[in-house]
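Got the viewer open? Let's take a short walk from strand to strand, picking something to select at each stop.

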Amino acid sequence: MNVQAEISRRRTFAIISHPDAGKTTLTEKFLLYGGAIQVAGAVKSNKIRKTATSDFMEIERQRGISVATSVLTFSYSGYLINLLDTPGHRDFAEDTYRTLTAVDSVILVIDSVKGVETQTEKLMQVCRMRHTPVIIFINKMDLEGKNPFDLLDECERLLNIHVHPLSFPINKGQQFKGVFNLFDHSLQLFTPDKQRVEAERLVFDDLSHPAIEHLIGFADAAELRESVDLLQGVYGPFDRQRYLQGAVAPVFFGSARNNFGVKELLETFLTLAPAPSGRQALQRFVEPTEPAFSGMVFKIHANIDPRHRNRIAFVRVVSGRFERHAMYYHCRLNKHLRFSNPYTFLAASKQVVEEAWPGDVVGLPDTGLFRIGDTLTAGEPLQFTGIPSFSPEIFQELVNRDPLKSKQLEKGIQQLTEEGVAQLFYHSSSGRRLVGTVGELQFEVIRYRLEHEYGASCQFIPRNYYKACWITGTDAGAVQEFIRLRSQDVFYDKEGHAVYMAPSEWMLNNVKETNPRLMFHHTSEFKTRGEGFAEPVNHLRA
Ligand code: G4P
């Protein structure tokens with residue numbers, strides 16, 4: 001099989017949503033279509049309960065299972081689909097951000113009752129940063145939700161993206177009668193039924209057809225005609241190119257629980273969504289069709305068994321063909337490695353894989369050699385960019401409670417932060433260590449895992465920082481001077497890059513005003529470009 005043919009039939013994407021909008025239900029329906037699961041509820045039972053705000057035992061249990069569901073690979077209608085799972089729990093948002101770097105497009109689920117929620121806005125910001133093509137699915141149309149025009153408007157305003165409805169609902173809640181597809185002019189009638197197979201499509205090239213009254217009644221037929229007229233006037237013809245550039249998001253309406261509008265969504269998604277694309281490396285752009293293999297590590301998953309610290313590094317294949325037993329070059333470590341047991345995730349179970357192609361995700365058993373963002377190639381030194389660290393939102397200082405176990409603590413915290421559980425910052429003169437996360441839950445996870453996996457005991461002391469800002473500037477002297485003057489609040493990340501911990505928004509604005517030649521970044525993405533960084537400080541292993 002050649003690379004081009006393998007690429008064309010692949011689609012690698014993620015479904016994202018605010019918790020409870022229906023991501024799990026939609027995922028499950030997709031898998032049922034793909035024949036990857038037979039029973040409804042199979043994905044659901046693997047889901048981290050979002051009500052469990054600090055139930056880390058539940059999370060520990062889930063960690064074991066969720067390896068298998070991290071990537072769901074299934075085929076449908078000649079396509080090979082890699083659906084990358086993202087945790088619904090808000091405290092694991094950073095995991096989701098990173099997974100978004102490994103996909104080529106996204107389906108965003110919105111609850112028609114709640115509209116656009118905070119988590120959705122954040123996820124969308126990440127998609128916009130990367131120009132990821134997004135399709136919006138407005139779910140739960142069987143409930144008394146918001147007006148569909150208001151929902152479209154809300155998406156444009158709050159998600160900051162142009163929308164283009166490709167289907168439109170006929171009424172909602174108890175009166176929900178179905179959707180009209182503006183793409184292929186078909187009408188699908190709704191009957192509530194969790195077990196249903198997707199409704200039949202009735203094509204109407206002419207919306208004045210009297211059968212429409214017969215099917216949905218006079219009032220709804222009149223309203224549908226008016227809405228479609230209005231929508232066609234406002235939105236005009238759909239431009240796929242703009243969708244591919246991430247400038248416009250097609251919108252579908254439906255009900256995942258009732259399996260309504262799901263098949264239509266899946267089929268349109270397969271036609272519109274991009275095949276696996278290349279990735280930018282520091283050195284050059286890598287095309288997926290290049291024969292030589294390259295891939296990037298976007299996620300590291302720890303083994304649930306505390307006696308073995310084995311981990312799985314998830315590698316997205318960027319170019320060429322990945323082969324089991326072949327020698328690959330680990331660029332950061334300047335080492336050649338052979339992988340005898342790479343995994344794939346076909347049908348939600350782990351299997352050894354012989355080969356993989358661009359867009360696929362391979363799980364590599366890892367004893368600590370990988371870090372998020374690492375690049376593997378067939379020999380060329382490359383470093384893929386675009387796996388950023390975002391500024392954490394909660395900061396706590398890590399204090400060792402057992403001096404006899406400081407080595408274990410150091411090793412544990414190093415490994416956990418390499419997995420991406422949290423970010424670690426060092427203060428160069430005092431040696432203080434600051435752990436930054438997006439959720440409280442991670443601190444509990446870290447404390448628990450340090451104790452159970454590494455035998456170390458720690459304490460966390462909350463520190464009131466507002467944001468972590470990576471510092472750059474074209475004038476190296478000015479950067480150094482700032483670091484000297486603000487040494488109290490300047491820490492270093494794991495690569496030794498200087499980060500200003502802003503104590504408050506006011507302070508940050510003040511510092512920006514008084515240091516116009518410096519830049520303060522809330523993500524670390526730019527650093528791979530290597531511009532104007534203060535020289536990395538090599539104090540980490542001190
Ligand atoms: P999430 O992964 O985004 O967190 O959401 P999930 O799919 O778990 O859905 C959250 C709740 O919303 C579930 O109810 C699910 O059944 C329901 N839901 C999903 N799609 C629809 C829909 O189209 N219409 C309606 N009315 N509800 C929908 P639950 O009570 O938490 O679970 P369950 O008892 O139904 O399994």
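First, some vocabulary: strands here (E, at least two residues) are DSSP runs, as are helices (H or I, at least four residues), numbered from the N terminus. Two strands pair if DSSP finds at least two bridges between them. This is a predicted model, where local features need pLDDT of at least 70, side-chain atom pairs count only at pLDDT 80 or more, and totals for chains, interfaces and linings use all residues. Residues are numbered from 1 along each chain as its sequence is written, and side-chain values use heavy atoms, with hydrogens and water left out.

Start by selecting residues 71-76, strand β2, together with β3: they form a hairpin with two residues between them. Click on S77 in the turn, which has a positive phi of about 50°. The two strands pair in the antiparallel sense over six bridges, and Y76 has Y79 as its bridge partner in β3.

Now add residues 10-17. That's β1, which runs parallel to β3 and is joined to it by five bridges; look for R10, whose partner in β3 is L80.

How enclosed is β3 (residues 79-84)? Five of its six residues are buried, so the rest of the structure largely encloses it. Buried means under 20% relative accessible area, exposed over 50%, partly exposed in between (1.4 Å probe, protein chains only).

Next, jump to β11, residues 248-253, where six of six residues are buried. V248, P250 and F252 point one way, A249, V251 and F253 the other.

Finish with β11's parallel partners: β5 (residues 134-139) over three bridges, with I138 opposite F253, and β6 (residues 162-165) over four, with V163 opposite A249.
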